[in-house]
Amino acid sequence: MSKRLLNHRSLHELGGRLPRMHRWLVGFARWDAGSGLESVLRLRLRALGISLVSQVEIPGAGRVDFVLAGLIVLEVDGIVGHADLASSRHKDLVRDAVASTYGLEALRFDYAMVVHDWPLVEAAILAALDRSRRRRSR
């Protein structure tokens with residue numbers, strides 16, 4: 001979808017070919033998802049009852065993958081877009097620092113973590129949510 005290899009009509013047709021119990025996935029899919037890894041994270045958080053906002057523009061930081069609870073930035077970094085690791089790492093650190101100036105906590109996960117170590121990713125996100133809720137209740 002993000003590469004525009006599908007249009008709305010072909011997506012609808014694809015949904016019609018899916019078993020009825022899986023058709024909701026077509027509506028869940030996002031045109032602005034930056035990667036399949038982002039979709040995996042969104043799907044797993046949905047299973048926990050957690051919703052988030054995708055592709056959020058933060059002044060000075062640029063577009064971040066997700067903002068959760070208005071205070072937590074979630075970034076998922078696949079290999080694509082991170083070929084020049086030193087330059088990408090620097091940009092990521094700047095983005096995280098700028099987000100911090102707005103009072104946002106940045107959590108960054110890579111492919112291996114999201115796919116193979118989901119319990120750690122889930123625990124980190126739930127802990128960040130708990131911290132943000134405690135800060136709001138003060």
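1. The hairpin of β1 and β2 has 3 residues between its strands, and G60 there adopts a positive phi near 90 degrees. This is a feature of a predicted model and should be read as such. Strand β1 covers residues 53-58 and runs antiparallel to β2, with 5 bridges joining the two. One of the paired positions is I58, whose bridge partner in β2 is G62.

2. A second hairpin follows, formed by β2 and β3. Here too the strands are separated by 3 residues, and A69 takes a positive phi, near 60 degrees. Strand β3, residues 72-77, is antiparallel to β2 and is joined to it by 3 bridges. Across this pairing, L68 stands opposite I72 of β3.

3. Strand β2 thus has β1 as one partner and β3 as another. Is β2 mostly covered or exposed? The strand, residues 62-68, is mostly covered, with 6 of its 7 residues buried. As general background, side chains in a regular strand alternate between the two faces of the sheet.

4. Regarding the chain as a whole, the model contains 6 helices and 4 strands. Their order along the sequence is α-α-α-β-β-β-α-β-α-α. The hairpins discussed above involve β1, β2 and β3.

5. Of the 138 residues in the chain, 35% are buried. The exposed surface of the chain amounts to about 8700 Å², of which carbon and sulfur atoms contribute 58%.

6. Sequence separation of the contacts also deserves mention. Among contacts in the chain with a separation of 6 or more, 53% link residues 24 or more positions apart.

Technical notes. Residues numbered from 1 in each chain as written. Predicted model: local features only at pLDDT ≥ 70, side-chain atom pairs only at ≥ 80, totals over all residues. Heavy atoms only, no water. Buried < 20%, exposed > 50% of the residue type's maximum accessible area, 1.4 Å probe, protein only. Contact = heavy atoms within 4.5 Å. Areas by Shrake-Rupley, 256 points an atom, 1.4 Å probe, with all protein chains shown as cover. Pairing = 2+ DSSP bridges.
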